[in-house]
Amino acid sequence: PLGRRGRAQPPQRAQRRGGELLRPLIIVPMPDCPESLRPTEGQVPVVLDPGGDLHCGFGARAECAYLVRPDGYIGYRAQPILEAHLMAHLDRLFVA
């Protein structure tokens, strides 16, 4: 999905920044994926969390972003998502 003015939203921008080393997911606390989030080829996958277990476990009460390393360590958290801060954090991790 695209944000205002046709710009990619943070998950898509993060995926481009991290390449194959980063696998963003959009997690929604509902049984069905909203039409506006239905992924098409090349977009970030949507994971359904109808019982809210993931949201509860991570303390997510509103739109937020987490960067979870393969070992389970939370390397970044923001609520609400501050795109500039997320991109700056990714720039420090993924040096060009």
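In this predicted model, the buried residues of helix 1 pack against helix 3, which spans residues 83-93. Two further topics follow: the antiparallel pairing of strand 3 with strand 4, and the surroundings of Asp 49, a buried residue without a salt bridge.

**Helix 1**
- Helix 1 covers residues 10-18, and its buried positions are Pro 10, Gln 12, Ala 14 and Gly 18; the partner against which the buried residues of this helix pack is helix 3.
- Directly after helix 1 comes Gly 19, whose phi is positive, at about 60 degrees.

**The hairpin of strands 3 and 4**
- Strand 3 (residues 65-68) and strand 4 (residues 74-78) run antiparallel and are joined by four bridges, with Ala 65 having Ala 78 of strand 4 as its bridge partner.
- Five residues separate the two strands of this hairpin, and in the turn Gly 72 adopts a positive phi of about 90 degrees.

**Asp 49 and its surroundings**
- Asp 49 sits in the loop that lies between strand 2 (46-48) and helix 2 (53-58).
- Although Asp 49 is buried, it forms no salt bridge, and Arg 61, the nearest side chain of opposite charge, is 13 Å away.
- A polar atom of the Asp 49 side chain does, however, lie 3.0 Å from the backbone nitrogen of Asp 53, and residue 53 is where helix 2 begins.
- Leaving aside residues up to four places away in sequence, Asp 49 touches Ile 27, Val 28, Pro 29 and Met 30, together with Leu 54 and His 55.

Key: Residues are numbered from 1 along each chain as its sequence is written. This is a predicted model: local features need pLDDT of at least 70, side-chain atom pairs count only at pLDDT 80 or more; totals for chains, interfaces and linings use all residues. Side-chain values use heavy atoms; hydrogens and water are left out. Buried means under 20% relative accessible area, exposed over 50%, partly exposed in between (1.4 Å probe, protein chains only). Contact means heavy atoms within 4.5 Å. Two strands pair if DSSP finds at least two bridges between them. Lys and Arg count as positive and Asp and Glu as negative; His and the chain ends are not counted. A salt bridge is a side-chain nitrogen of Lys or Arg within 4 Å of a carboxyl oxygen of Asp or Glu. A polar contact is a pair of N or O atoms within 3.5 Å; within protein, one must be able to donate a hydrogen and the other to accept it, and residues adjacent in sequence count only if both atoms are side-chain atoms.
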